Amino acid sequence: MMDEAILNIGIGQLALTVLLILLVVGLSFYEKLRLTKDYLVGVVRTVVQLFLVGYILDALFALNRWPLVLCALAVMVSAACQAGVGRLKWRQSRSRLFAGMGFALILGTGVTLFVVTRIVLRINPWYHPRYLIPLAGMIIGNAMNGATLGAERFRSELILRKNEVETLLCLGFDVRRASESARKSAMSAALLPMLNSMMVVGLVSLPGMMTGQILSGTSPLIAVRYQIVVMIMISSAVALSSFVMVRFLTRSFFTGAAQIRYEALH
């Protein structure tokens with residue numbers, strides 16, 4: 001048990017972070033980076049968005065109603081789909097990509113969240129917003145990044161390997177076998193950031209959730225257990241979401257007659 005009282009941050013103390021903001025602005029001017037406007041907009045958005053979500057979460061925790069929790073999860077998935085599809089700059093139907101991204105995120109998030117909340121943590125009630133929403137937020141954000149990375153890499157690999165893929169198709173291989181190398185590269189690209197994080201966690205960096213728990217007074221030994229669960233659940237969600245997204249795109253990039261849809265790749 002921790003003996004120290006939790007260090008509360010007052011508004012006045014929070015305002016003092018302006019010193020660090022001025023440091024960044026000064027460096028931007030000195031090096032003529034032309035990033036001052038973007039940086040200040042980013043700071044304002046960070047403050048406004050986080051205060052806003054803080055009040056929303058406070059209200060959700062107080063109300064503690066499962067329909068509201070499900071609505072919040074739906075909004076989070078929808079926003080993640082919009083952001084993920086927005087990064088995919090090719091001539092595919094936006095609604096089709098949105099559907100694929102949505103299916104990948106819902107499946108990856110749903111399966112992972114069920115295992116973590118119902119089997120590992122056993123939270124009660126199942127919709128407890130204090131646990132469900134923060135965990136879902138971490139899963140959805142990372143799953144979106146994984147699915148987007150996998151999708152973009154899969155498309156790039158198909159363009160790069162088009163001769164190889166077409167040759168395999170001409171030799172009688174089916175679409176799954178002919179695109180196997182591209183799919184492997186896409187999945188590896190999606191998982192690489194998470195694998196790198198897992199290799200150095202605790203040695204080079206302390207994750208945000210673990211740091212936040214320790215700063216709020218939680219024992220480091222308990223914070224470590226939560227962080228282990230978080231790292232494993234994120235890796236699971238990223239793997240599952242990127243797998244589903246790449247499989248979905250495989251059907252989009254090939255015709256029923258096992259031919260590459262070149263118009264869909266550009």
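1. A word on angles to begin with: angles under 35 degrees count as roughly parallel, over 145 as roughly antiparallel, 65 to 115 as roughly perpendicular, and the rest as oblique. Axes here are lines fitted to C-alpha atoms, for helices over the stretch in contact, and angles run from 0 to 180 degrees between N-to-C directions. Please keep in mind that this is a predicted model, in which local features need pLDDT of at least 70 and side-chain atom pairs count only at pLDDT 80 or more, while totals for chains, interfaces and linings use all residues. Residues are numbered from 1 along each chain as its sequence is written, and side-chain values use heavy atoms, with hydrogens and water left out.

2. The overall picture is helical: the protein chain has 12 helices and zero strands. Helices (H or I, at least four residues) and strands (E, at least two) are DSSP runs, numbered from the N terminus. The C-alpha atoms fill a box of roughly 70 × 55 × 35 Å along the principal axes. Of the 266 residues, 33% count as buried; buried means under 20% relative accessible area, exposed over 50%, and partly exposed in between, with a 1.4 Å probe and protein chains only. Among contacts (heavy atoms within 4.5 Å) with a separation of 6 or more, 71% join residues 24 or more positions apart.

3. Now to helix H4 (residues 66-86) and helix H6 (residues 129-160). Their axes are 10 Å apart and the helices pack at an angle of about 15°, so H4 and H6 are roughly parallel to each other. The crossing of H4 and H6 is right-handed, meaning that the near helix is turned clockwise from the far one by less than a right angle (anticlockwise would be left-handed). H4 brings Val69, Ala72, Leu73, Met76, Val77, Ala80, Ala83 and Gly84 to the contact, and H6 brings Pro129, Leu132, Ile133, Ala136, Gly137, Ile140, Met144 and Thr148. By class, the residues of this contact are 13 nonpolar, three polar and no charged. For these classes, Ala, Val, Leu, Ile, Met, Phe, Trp, Tyr, Cys and Pro count as nonpolar, Asp, Glu, Lys and Arg as charged, and the others, Gly among them, as polar.

4. H4 deserves a second look. Its buried residues are Val69, Ala72, Leu73, Val77, Ala80, Cys81, Gly84 and Val85, and they pack against helix H3 (36-63), helix H5 (94-120) and H6. If you wonder about the spacing, an α-helix has 3.6 residues a turn, so residues three or four places apart point the same way. The length of H4 also checks out: at 1.5 Å a residue, its 21 residues should span 30 Å, and its end C-alpha atoms are 30 Å apart, which agrees. The expected span is 1.5 Å times one less than the number of residues.

5. Thr109 is worth finding on your screen. This residue lies in helix H5 and is buried, with a relative accessible area of 6%. Leaving aside residues up to four places away in sequence, Thr109 touches Ile139 and Ile140. Ile140 also belongs to the H6 side of the contact with H4.

6. Some backbone details in the loops may catch your eye. Most residues other than glycine have a negative phi, and most peptide bonds are trans. Asn64, in the loop between H3 and H4, has a positive phi of about 55° although it is not a glycine. At 26% relative accessibility, Asn64 counts as partly exposed. Arg122 also has a positive phi of about 55° without being a glycine; it is found in the loop between H5 and H6 and is exposed, with a relative accessible area of 64%. Pro125 is in the loop between H5 and H6 as well, and the peptide bond from Asn124 to Pro125 is cis, with omega near 0°.

7. Further along the chain, the axes of helix H10 (residues 208-215) and helix H11 (residues 220-253) come within 9 Å and cross at roughly 155°. H10 and H11 are therefore roughly antiparallel to each other, and their crossing is right-handed. The contact is made by Met209, Met210, Gln213 and Ile214 of H10 with Pro220, Ala223, Val224, Tyr226, Gln227 and Val230 of H11. Eight of these residues are nonpolar, two are polar and none is charged.

8. Lastly, Leu22 is found in helix H2 (residues 18-30) and counts as exposed at 53% relative accessibility. The C-alpha atoms of Leu22 and Glu166 are separated by 56 Å, with the two positions 144 residues apart along the chain.
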